[in-house]
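Visitor: I have a structure to look over with you. Can we take it by question and answer?

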Amino acid sequence: MASDRTGRNRWRRGIFQRPAKALDRAIALLSRTSYALFLVHYAVLLLANAAWAEIGSDHGDAALLFMAASWFVALGASYLGSSQKTENKAR
């Protein structure tokens with residue numbers, strides 16, 4: 001019986017350990033990129049808004065898609081900016 005309990009405990013620990021590690025990695029990534037996102041998002045969204053005004057389209061769904069795409073650009077720029085910052089610290 002004792003070995004059965006140990007096996008089950010090991011199995012349960014493994015199941016809950018993997019999501020916990022993934023959550024830790026996600027939180028670490030967010031903590032590294034959050035300040036860079038704070039700095040970059042306004043400029044990216046301002047440029048996206050100006051580009052949308054130049055296009056002059058009145059389609060609401062397309063505007064929503066365009067803004068969502070610009071958010072992903074801002075996220076990518078913040079990720080690149082934060083990884084650049086950490087590389088400079090390593091040197």
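**Two helices, question by question**

Guide: L80 sits in helix α2, residues 60-90. Its relative accessible area is 57%. Exposed means over 50%, so L80 counts as exposed. Bear in mind that this is a predicted model.

Visitor: Which residues make the nonpolar surface patch of about 300 Å²?

Guide: L80, the exposed residue just named, is one of them. The patch covers about 300 Å². Its makers are L29, Y79 and L80.

Visitor: How many helices and how many strands are there in the protein?

Guide: Helix α1 spans residues 2-55. Helix α2 spans residues 60-90. The count for the protein is two helices and zero strands.

Visitor: Is S78 buried or exposed?

Guide: S78 lies in helix α2. Buried means under 20% relative accessible area, and S78 has 2%, so S78 is buried.

Visitor: Which residues is S78 in contact with, leaving aside neighbours within four places in sequence?

Guide: S78 is buried at 2% relative accessibility. With the sequence neighbours set aside, its contacts are T33, A36 and L37.

Visitor: How far apart in space are L75 and T33, C-alpha to C-alpha?

Guide: L75 belongs to helix α2. At 39% relative accessibility, L75 counts as partly exposed. T33 is also a contact of S78. L75 and T33 are 42 residues apart in sequence, and their C-alpha distance is 8.2 Å.

Visitor: What separates the C-alpha atoms of A48 and M67?

Guide: A48 is in helix α1. A48 is buried, with a relative accessible area of 7%. Along the chain, A48 and M67 are 19 residues apart. Their C-alpha atoms are separated by 7.1 Å.

Visitor: Which residues does A48 contact, leaving aside its neighbours within four places in sequence?

Guide: M67 is one of them. S70 is another, and S70 is placed in helix α2. The full set is F66, M67 and S70.

Visitor: And which residues does S70 touch, not counting those up to four places away in sequence?

Guide: S70 is buried, with a relative accessible area of 6%. A48, itself buried at 7%, is among its contacts. The residues touched are V44, L45 and A48.

Visitor: How many aromatic pairs are there?

Guide: Ring centres must lie within 6.5 Å to pair. By this rule the count is two.

Visitor: What is the angle between the planes of W52 and F66?

Guide: W52 and F66 form an aromatic pair, 5.2 Å centre to centre. The pair is classed as tilted. The angle between the planes is 35°.

Visitor: Why does the pair of W52 and F66 tie together parts that are apart in sequence?

Guide: W52 is buried at 17% relative accessible area, and F66 is partly exposed at 27%. W52 lies in helix α1 and F66 in helix α2, so the pair ties together parts 14 residues apart in sequence.

Visitor: Among contacts between residues at least 6 apart in sequence, what share joins residues at least 24 apart?

Guide: L75 and T33 show a separation of 42 residues. For the protein, the share of those contacts that join residues at least 24 apart is 68%.

Visitor: What percentage of the 91 residues is buried?

Guide: S78, A48, S70 and W52 are among the buried residues. For the 91 residues of the protein, the buried share is 11%.

Visitor: What percentage of the exposed area do carbon and sulfur atoms supply?

Guide: The protein exposes about 7600 Å². Carbon and sulfur atoms supply 64%.

Technical notes: Residues are numbered from 1 along each chain as its sequence is written. This is a predicted model: local features need pLDDT of at least 70, side-chain atom pairs count only at pLDDT 80 or more; totals for chains, interfaces and linings use all residues. Side-chain values use heavy atoms; hydrogens and water are left out. Patches are made of residues with over 30% relative accessible area and no salt bridge: like charges are joined within 9 Å, nonpolar side chains (Val, Leu, Ile, Met, Phe, Trp, Tyr) within 5 Å. Accessible areas come from the Shrake-Rupley method with a 1.4 Å probe; for residues, only the protein chains shown count as cover. A salt bridge is a side-chain nitrogen of Lys or Arg within 4 Å of a carboxyl oxygen of Asp or Glu. Helices (H or I, at least four residues) and strands (E, at least two) are DSSP runs, numbered from the N terminus. Buried means under 20% relative accessible area, exposed over 50%, partly exposed in between (1.4 Å probe, protein chains only). Contact means heavy atoms within 4.5 Å. Rings of Phe, Tyr and Trp (its six-membered ring) pair if their centres lie within 6.5 Å; planes under 30 degrees apart count as stacked, over 60 as edge-to-face and the rest as tilted.
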